[in-house]
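I opened my notebook to go through this structure one stop at a time. Here is the structure I had on screen.

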Amino acid sequence: MSGESQHGLDALRREMWQRQKQARAAVRIYNRGSWIRFALVFIPVPLVVVIFRLYLEAWHYYILGGAFIFFAGLLYVLDDHAATRRETALKASRMARAAYQEARSASQR
């Protein structure tokens with residue numbers, strides 16, 4: 001194996017480890033944020049309804065229902081963007097690993 005191919009292989013290995021580290025961080029951030037978004041959908045509006053149910057008029061429920069649907073939709077869109085970022089990081093990690101494995105197998109021939 002020549003020194004130049006070893007240098008290229010080392011660079012690919014470093015990039016693979018860097019991409020895998022980024023992918024792990026992206027998954028961790030997504031998972032943490034996912035629980036926060038889940039809580040923001042299912043806690044605030046239902047909690048207001050439960051706490052103030054004796055003081056709410058009929059039209060208040062329409063407003064709170066609309067707020068619940070609005071915030072659920074907003075947080076769904078935010079979750080979709082976060083999932084896209086996570087999938088992009090995972091795809092880059094898979095591609096870097098495939099490139100490294102291909103280069104390693106080619107250098108062993």
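Below are my entries, from the whole chain down to single residues.

**Entry 1: the whole chain**

I started by noting that this is a predicted model. I then asked how many helices and strands the protein chain has. I found three helices and zero strands. Reading from the N terminus, I wrote the order of elements down as α-α-α.

Next I wanted to know whether the chain is spread out or like a compact globule. Its radius of gyration came out at 24 Å, whereas the globule rule gives 13 Å for 109 residues. The first value is well over the second, so I put the chain down as more spread out than a compact globule. The spans of the C-alpha trace along the principal axes are about 80 × 15 × 15 Å.

I also looked up what share of the residues is buried. Of the 109 residues in the protein chain, 18% are buried. For contacts, I took those with a separation of 6 or more, and 77% of them join residues 24 or more positions apart.

**Entry 2: where α2 meets α3**

My next stop was the pair formed by helix α2, residues 44–51, and helix α3, residues 58–108. At what angle do they pack? I noted about 160°, with the two axes 9 Å apart. The cut-off for roughly antiparallel is over 145 degrees, and α2 and α3 therefore count as roughly antiparallel to each other. I wrote down the crossing of α2 and α3 as left-handed.

Then I listed who makes the contact. From α2 I have V45, P46, V48 and V49, and from α3 I have Y61, L64, A67 and F68. I sorted these by class and got eight nonpolar residues, with no polar and no charged ones.

**Entry 3: residues of α1**

I moved on to helix α1, which covers residues 3–42, and picked R37 in it. Is R37 buried or exposed? R37 has a relative accessible area of 15%, and since buried means under 20%, R37 is buried. I wondered which residues R37 is in contact with, leaving aside neighbours within four places in sequence. My list reads Y30, L75, L78, D79 and A82.

W35 is also a residue of helix α1. Its relative accessibility is 64%, and because the cut-off for exposed is over 50%, W35 goes down as exposed. I checked a long separation here too: W35 and A106 are 71 residues apart along the chain, and 44 Å lies between their C-alpha atoms.

A39 was my last pick in helix α1. At a relative accessible area of 28%, A39 is partly exposed. From A39 to L78, 39 residues apart along the chain, I noted a C-alpha separation of 14 Å.

**Entry 4: the loop after α1**

Where does I43 lie? I found I43 in the loop between α1 and α2. I43 counts as partly exposed, with 46% relative accessibility. I43 and G73 are 30 residues apart in sequence, and their C-alpha atoms are 15 Å apart in space.

**Entry 5: two serines in α3**

I finished with S93 and S107, beginning with S93 in helix α3. S93 has 9% relative accessibility, so I noted it as buried. Which residues does S93 touch, not counting those up to four places away in sequence? I wrote down R19, Q20 and A23.

S107 also has its place in helix α3. With 22% relative accessibility, S107 counts as partly exposed. The last thing I looked up was the spacing of S107 and A96, which are eleven residues apart in sequence. C-alpha to C-alpha, S107 and A96 are 16 Å apart in space.

Note on methods
Residues are numbered from 1 along each chain as its sequence is written. This is a predicted model: local features need pLDDT of at least 70, side-chain atom pairs count only at pLDDT 80 or more; totals for chains, interfaces and linings use all residues. Side-chain values use heavy atoms; hydrogens and water are left out. Helices (H or I, at least four residues) and strands (E, at least two) are DSSP runs, numbered from the N terminus. Buried means under 20% relative accessible area, exposed over 50%, partly exposed in between (1.4 Å probe, protein chains only). Contact means heavy atoms within 4.5 Å. Axes are lines fitted to C-alpha atoms, for helices over the stretch in contact, and angles run from 0 to 180 degrees between N-to-C directions. Angles under 35 degrees count as roughly parallel, over 145 as roughly antiparallel, 65 to 115 as roughly perpendicular and the rest as oblique. A crossing is left-handed if the near helix is turned anticlockwise from the far one by less than a right angle, and right-handed if clockwise. Ala, Val, Leu, Ile, Met, Phe, Trp, Tyr, Cys and Pro count as nonpolar, Asp, Glu, Lys and Arg as charged, and the others, Gly among them, as polar. The radius of gyration is taken over C-alpha atoms; the globule rule is 2.2 Å times the number of residues to the power 0.38.
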